[in-house]
Amino acid sequence: MRIAVQLDQRVFPITGIVQHYAWGGRVFLPRLLGEVPGDKPWAEYWLGVHPACPATVHTSAGAQPLDRFIADEPEFYLGHAVRERFGGLPFLLKVLDVAQMLSIQVHPDAEQARAGFAREAAAGIPADAPQRNYKDAQHKPEIMMGLSEFWLLHGFRDEASLGAMFAETPELAELQSWFGGDYRRLYERVLRLPQAEVNRLLQPLVDRILPEYRAGALSKFSPDFWAARAVETFCPQGDLDPGLFSIYLFNLLRLNAGDGIFQDAGVPHAYLEGQCVEVMANSDNVLRAGLTPKHRDVPELLRLVRFEPTEPRILRRSAGTCGDYAAPVKEFALEHCRLRSGDRHFVCADTPSILLVLEGNGSAFEGSAKHVLRPGSAFFLASEGVLQLQADGDLSVCTALVPGV
């Protein structure tokens, strides 16, 4: 049912969807959203128009899914340039609470996503089937900003770093002879090993690191720490997961709160621990290689991986009121603003945007309309929307937007 809305209003409160994935925490997101935690883990909070979980927009005439709301007047809500280029809102904003390690994963580029989606649709695989790789026809580049200390794996180490790792991890020394500077040969081999060979190579390592981990003797700066945690989480008994190799082959990074990083197509990665804001193209396409109870498709993942060393490029927030996190894509950018008590700040949305309050309280004004700001408050700003923020205490907000249109 179409909801009639005055077309002089350009700012609308929205609420998102919580995803209760097994790796989520139980405190951060319920606290942010002012909800009772319950028994399930709270992993992600989605704000966007992805067909699997569209946000709900609230108007004086009622509530409806944000995707249908925009589709009623796309020229007005998106602006001509965004409607012409994308046809809809091209990004998805999330908040994540990573309490347990996520899967080793990679995302497709735009051409791979279109082909994979069409291929699986033609094969008759239902869109919501657990064995489906491509949930939509979109690529999934993503940018994140840490809300806490945040640990992750990001791309392959360079050759010097790999050599140092092999020297420090004698149980994996055999892998060095497989490498010889050829990332494809090394990674394909470890992911395709028979289970008996995986156990043979990894069991001596696990026998050494697990007692140290349980004794609290390992540093988070060591891959041994995360490998031991992964063993306890994903393979406490029986066979060992070949995804454990990735913990040693990838760059291990610690981001501070406010630091960001961009994950491009083909870059293998995994989030390990912490809370973050994440903005991505409007997609849920993930190929997984290990350390997960979810569907894995190693051959398809290996077809997408960039077999090259990655030099991590950590994005540092500028010192001003607002800091930008730009990504080398056309669908999205992320802005973070910190206001002191009594400050006023105008958010001028040249393109459709979603604003989320992370911390603090205050008020927001569009003309004479007033909205209360509290942690978890979120708004959809149509193209050319303007929202004035007034902080009653220290206020932290992030805005996802379409850049440069």
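**Note on helix α9, Asp 241 and Arg 288**

1. Just past the end of α9, Gly 216 has a positive phi of about 70 degrees. The model is a predicted one.

2. Helix α9 itself covers residues 195-214 and is bent by about 40 degrees at Leu 202. A proline, Pro 204, follows within four residues of that bend.

3. Leu 202 is also one of the buried residues of α9. The others are Val 198, Asn 199, Leu 201, Leu 205, Val 206, Ile 209, Leu 210 and Tyr 213. These buried residues pack against α7 (173-179), α10 (223-234) and α11 (244-249).

4. The loop between α10 and α11 holds Asp 241. With a relative accessible area of 6%, Asp 241 is buried. A polar atom of the Asp 241 side chain is 2.7 Å from the backbone nitrogen of Gly 243.

5. Setting aside residues up to four places away in sequence, Asp 241 touches Val 198 and Leu 202, both of which are buried residues of α9. Asp 241 also touches Cys 235, Gly 290, Leu 291, Thr 292 and Arg 296.

6. Arg 288 is in strand β13, residues 287-290. UniProt, in an unreviewed entry, places the feature "active site" at Arg 288. Its relative accessibility is 17%, so Arg 288 counts as buried, the cut-off being under 20%.

7. Beyond its neighbours within four places in sequence, Arg 288 is in contact with Ser 103, Ile 104 and Gln 105, and with Lys 294, His 295, Arg 296, Asp 297 and Leu 301. Arg 296 thus appears in the contact list of Arg 288 and in that of Asp 241.

Technical notes:
Residues are numbered from 1 along each chain as its sequence is written. This is a predicted model: local features need pLDDT of at least 70, side-chain atom pairs count only at pLDDT 80 or more; totals for chains, interfaces and linings use all residues. Side-chain values use heavy atoms; hydrogens and water are left out. The bend at a residue is the angle between axes fitted to the seven residues ending there and the seven starting there. Helices (H or I, at least four residues) and strands (E, at least two) are DSSP runs, numbered from the N terminus. Buried means under 20% relative accessible area, exposed over 50%, partly exposed in between (1.4 Å probe, protein chains only). Contact means heavy atoms within 4.5 Å. UniProt positions are given in the numbering used here, feature names are shortened, and annotations may be inferred rather than shown by experiment. A polar contact is a pair of N or O atoms within 3.5 Å; within protein, one must be able to donate a hydrogen and the other to accept it, and residues adjacent in sequence count only if both atoms are side-chain atoms.
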